[in-house]
Structure formats: C-alpha cells, structure tokens
Amino acid sequence: MEAKGLFNVARKEFIDHLTSRKFLIILALFLVISAISMHQGIDNYNDRLERYKEQISQITGEEGIEPGYMPEKPSILLIFQMMSFQMSLLGAILAIVMGFDLITREKESRSLKSLLSHPIFRDEIINGKALGGILALVFAIGIALIISFAMLLLFSIVPDLNELWRIALFGVISVLCLLTYFSIALMTSTVSENSGMSIIYALIIFLTISLFLPMVGGMVAEIVVGEPPESPTYRIPPPPPTPNANENEQGEVIKPVKIEIPMDEEEWQRYEEESRAYWEKRSAIDGAIFTLVPTTNYLAVSSAVLSKNGGGLMFFGPGYRSETEGQDMLERIWKNILALIIFPLVFFAIAYIKFMRMDIR
Amino acid sequence: MLFQRKYVLALRRALYKYRYRKRSKGGEQEGEEMIKTENLTKEYNGNKAVDGLNLEIAEGDIFGFLGPNGAGKSTTILMLVGMIEPTEGKCIINEIEVARNPLKVKAIIGYLPEDVGFYGNMTAEQNLDYFARFYAMDANERKKRIEELLELVQLDGVSQKVGGYSRGMNQRLGLAQALLNDPKVLFLDEPTANLDPEGVFQYREQIKQLSDEGKTIFISSHILAEVSKVCNTIGIISKGTLIARGTLEELKNEFGRVGTENLRIIVETIEPLPEIEHEDIISAEYSEAKRKVVIESKSDLRDYISSELFEKGVKVKEMRMEEPTLEDVFLSVYRR
C-alpha cells in the first residue's frame, strides 16, 4: 500500500468534512449544547465548592480541625461527566452524518470510476476515507474540549495536571465512541446502493444497539438462565404446650407469634449458593449484552476516567456497583474498553472487505 | 519551455511517422503493439460479458471499438484500465500486464469513463489537482499542467463548482482528467455522448492533435459516424467476441456487400439517357426525365457506362458508385 495516495484521499476527505454544511451545522449544535451543559456543570461545581467551603469553615473552628469526618473537595471532572451524555447522543449523530454517504456519494456522482482510473489502490481509498473521518472526529472533539477548557478558565477554574490528563483521556474515549458510529455509517455506505438506503440502515443499527439491545437485554438473560431459585419452605413452630393456649397465668390473651425458622440449615445454604450462582450467571449475560451497546461502554469508561479517585464508578449496566477502588477500575471496565476498540474495527473490516470486492461498472 | 515542448512534439511526430511508414512498408497492419488482449474473458454470474477476446492495437493507432449496447465494450475497457480483473486471459499495455501491475499501467494511460463524474463541491481546477496528486508531479508542475488542460478543453476561466456543470462541460473536463499524466494510451468510452455539435467538432480536433503527438487512442462508441471520422482501425464486438477488425476500407471491402453482392451505380446526365445494356446489369431505374439512372450490377461498370455515354454524345453530370457506410458494414457484420 502506497502512503501517498492514502494521505491524498485522507486530506481531501478531511477538508470535505470541515467544509460540509451538514457537518458544520451538527458540529455547531454539538458545541452549543456541550457549552450549555458545561455551563450547567460549572454552576453545579461552584455550588458544591461553596458547600464544601462552608463545611470546612464549620469544621475548622478556633480549636482547629476536628478529627473524624472530612468533606471531600468537589472535582472539576464532574463538569465533563455532564458533557459525556451530550457526546454519546449528538456525537453519534455527527459521526453517522459524516459517514453514511462516503462511498454511496462517490457511486452516485460516478466520481469513484474517475478516481480509480488514476494510480491508486482501492484500499488506499477506503483507508484514506476512514483516516479523513477520524481526523475530522478528532477535530470536532478537540474543538469541544478546547471550548470547555476556555470556559473553565473564564470561570477561573484551573485544572491540575492529573485532571488535565484525565480530560485528555476522556477526549480519546469520546473519539473511540464516535468512531464506532462512524464505522457503522461507513459500513452501511459501502453495502448500500444509495445514500438514502445507507442512512436508513445506519439509523436502524444505531437504534438497535442504543435502544433495543438495552431493552431486551434483561429479557434475554431471563430466557437464558430461567427463573431465580425458589427459597426453601419455612415451617411455623407449634405453640407452647400450655393448658389454655390462648390465656396466660394472669388471664391475658396470648396471640400466637409466627417465628420463621429455616427447615434445614443445609437446605438454606444450598439455596444461597444456587441463588448466588444464578445471579452471577444472569449478571454475566446482562453484562455481555450491555457490552454490545457502545453508549454503555462509553459512559462506563468515561465515568471511570472522570471520577476523582479513578474508581468512583457509576455504571448503567447491571452487575456494576459504585465506589470501587482505583485498581479495580481496569479490571471492571476492560471489557468496555476492549469493546470500544473492537467495534470500530469490526465495522470497518466489513466496510473494507465489501469495498475491495465492490463491482465497479 | 515552449520551445522545448514544441521540440518534443515534433520529435514525437517524426517518430510516429517513421513507425507508421515502417509498418506500411512491411505490409503489416500493425507495428509495435501498444495494447494486446489474450483470450480475455469476464464472467458475471456465469454469463460471459467478454468471451475470449484477442485484440492487438499498434502504437499510434486510433482504434474504434464498436458494438451494440451490452456487447462487452465497457467491460473490456474496464479490464484494460485495470479497474476490474479478468476471469480468464490477460491484458497487456506497453508490455505491462495490467492485472499484475495495475498502478504501472495507470501511470501511462488516461481513461475517460462513460458518463464521467467528479466532485460537485469542487471546481474543475480542484478536481484536477486532486487527481494530479496521484502522479509524480510537484505543485508547480500540477498547476502548469492543469492550466494547459483547462485551456485545451476550453474550461479555463470557469470558476463555478463542477456540481453546476452541464453534461457537455463534464465530458470536456473528463477529457482533461484523462490527459493529466500526458498518457501514452488514451481510453475513451463514448466520448461524444454528451457533447453538442460544437463540442463534437472540438473533440475531433483534440483527437487529431493527440494522434499527432503519437498517442494510441482507444475509442469505444456506438456512434458510428464519429468512429468513421476519427479512427484508422476498427474492431466490432458482439456478445463479448470480436467479430471483425481492420481499417474502414478493409471492412467495407470485406463486409460492405455482405447479403447483397451487387453494386449500385448512380449516373446523372445533362441530356436524357439512352438505354444502357450489359450482361452484368440486373436492374436500371430511370428518373428525372431519364436524366438520372440507378443501376444495380454484378460488377463495377463505370468504365463501360462512361464509354457508352461518350460515344452517344451524352454529357455526364455525375457518376458514382454507392459506397457502403460504416453503418452498412456494422449492420452487415452484426447481423451475420
């Protein structure tokens, strides 16, 4: 593969994206909404900071700091957590708009034949288109982050080095998420006859993996693993053997009290084990299904990256818990990271193979 | 620089004429082969679009590739320009096998596709610059070449984006993009399909100029008049197979009278015509008060008729034998 042709195509595609009206409109919308959510995030952060200062001033009196409770200073990364929600929706739309007609438009305008008549391999074309798209996505995310950073400075909020690193990492993860949708659109553009069909296919896939999969995930898990195990039967102990069961010595009426005692300790233990195994299995299936949802993966990873201690996770798929330590973070989200990397590769591979075998007539 | 270019062109013309003379002296139809196909076959879903095509085109030829729609013309061109791979056989251009070295071949050929398309959001100059970047040309070379080509196809000074071009303008830009790399071999697929009469005239002039530069030109068309005007050799393809090949004269001689072995001689005179009798005459139709006759005969009787009329003192206004047109040849070959 010659790099010259690849870079020439990528350069043209990048310029095309940046000068395309639809790209600019959606990017503008994306930036405006991101800026609004940043503004809300900054307000929220300032409120928390005020509360934190109040708490500190209450705790620290003339006697100095009291031992025990110490409030935690809010992190500016919280501001970016709000942004990640916008990114997962509007960013996905932007990526789909960028990719859905990359190949179909060339077929429709018959420019593909003109292009292929010059000394360039087919793989340079598809790779160049992908590279141009990636650069445009990096540009879009970069602009969004620069605006966010500028807003932080405007409000006199200066991130430290660790926070800057995490913001940069958040940018990389955002690009990976958008790349998934871009590669889906590129694939539909390669397999479709025209741009109309391509956008329809891209939206069907987008809705399927964003809405349908999370909806049916729980149902599928229940179908696969079945009903949860039933708890062991309980027995009610017999009433005490008194001459008059309903009266005590003082003649007060005694109501029988039901005391539930497991029938068998072994049976109870067995139930606990079965129940644990059942929920673990169900959780694994749920987790596997949710790993197919790019938004879930993105929110899981970005939430982990943007939490101050690196572990304050807020996941949306079942089987996850909040507040884990930093070292557990990678163990917990490696599947999500892997999925964010693998999905674009899979869709791009399909687009690549289809394009290489495309009949040019 | 201009002097250098003219000098190079003159050298090329001289070389071409020398080669052409060499071919003629040798009595061969072809000299150095520039385009060659060997048993070229392309199948789509079990149907053969091109079936064992063997073709040889000499350097400097303007080859007209004729055939009805669906005969396999465009498929053949796509294989020749390395855009699709043959199912069987091979294409060789300038001694380079296309399927093995498509990029090497593309570097020395130019291709104008049928209904050529461009990027509508870019100007002609930007489109050409994008394509020119695939060749070993620096920015100055690209700029100079693009200016020359836009002038050649009369699109210089057009600043609008290509999306607003007429089909004719698109076609002219198509020729410019095919000439970007100053190719040795030029493939033109239905080049006059979208051109107006003025555009067709200019196209013929451009082809003549390119031929003078020694380029080998392969023109696929079903517009027979165009082919007969610009091509010096012709091939006729039907159902993926080459069914006739030669110069226009050779084809006329070979196929011009297929089905009707007779000749038609038309004579117009100033005085009324006498009865003309000859054993080869099959029929004679007189008209215009016997001042015109259309004679159908088994042989060329023009000498005999001329002598007869001279002896009888009849002055001849016009006498001609009706030549078969390329259309006659094509239909004759195609209907066989």
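**Exercise 1.** Is Asn39(B) buried, partly exposed or exposed?

*Solution.* The model is a predicted one, in which local features need pLDDT of at least 70 and side-chain atom pairs count only at pLDDT 80 or more, while totals for chains, interfaces and linings use all residues. Side-chain values use heavy atoms, with hydrogens and water left out, residues are numbered from 1 along each chain as its sequence is written, and chains are lettered from A and ligands numbered from 1 in the order in which they are written. The relative accessibility of Asn39(B) is 37%, so the residue counts as partly exposed, a class that lies between buried (under 20% relative accessible area) and exposed (over 50%), with a 1.4 Å probe and protein chains only. As for the backbone, Asn39(B) belongs to strand β1 (residues 33-44) of chain B, and its phi is positive, at about 50 degrees, although the residue is not a glycine. Strands (E, at least two residues) and helices (H or I, at least four) are DSSP runs numbered from the N terminus.

**Exercise 2.** Classify the ring pair of Phe118(B) and Phe131(B), and place both residues in the chain.

*Solution.* Over all chains, the whole structure holds 17 aromatic pairs, where rings of Phe, Tyr and Trp (its six-membered ring) pair if their centres lie within 6.5 Å, and planes under 30 degrees apart count as stacked, over 60 as edge-to-face and the rest as tilted. The centres of Phe118(B) and Phe131(B) are 6.2 Å apart and their planes stand at 55 degrees, so this pair is tilted. Because Phe118(B) lies in the loop between β6 (109-112) and α4 (124-132) of chain B and Phe131(B) in helix α4 of chain B, the pair ties together parts that are 13 residues apart in sequence. Phe118(B) is buried at 4% relative accessibility, and Phe131(B) is buried at 0%.

**Exercise 3.** Which geometry does the pair of Tyr119(B) and Tyr130(B) have, and what surrounds it?

*Solution.* With centres 5.6 Å apart and planes at 70 degrees, the pair is edge-to-face. Tyr119(B) sits in the loop between β6 and α4 of chain B and Tyr130(B) in helix α4 of chain B, 11 residues apart. Tyr119(B) is buried at 6% relative accessibility, as is Tyr130(B) at 2%. Phe118(B), Tyr119(B), Tyr130(B), Phe131(B) and Phe134(B) form one aromatic cluster. From chain A, the charged end of Lys12(A) sits over the ring of Tyr130(B), 5.5 Å from its centre; the criterion is NZ of Lys or CZ of Arg within 6 Å of the ring centre and within 35 degrees of the ring normal.
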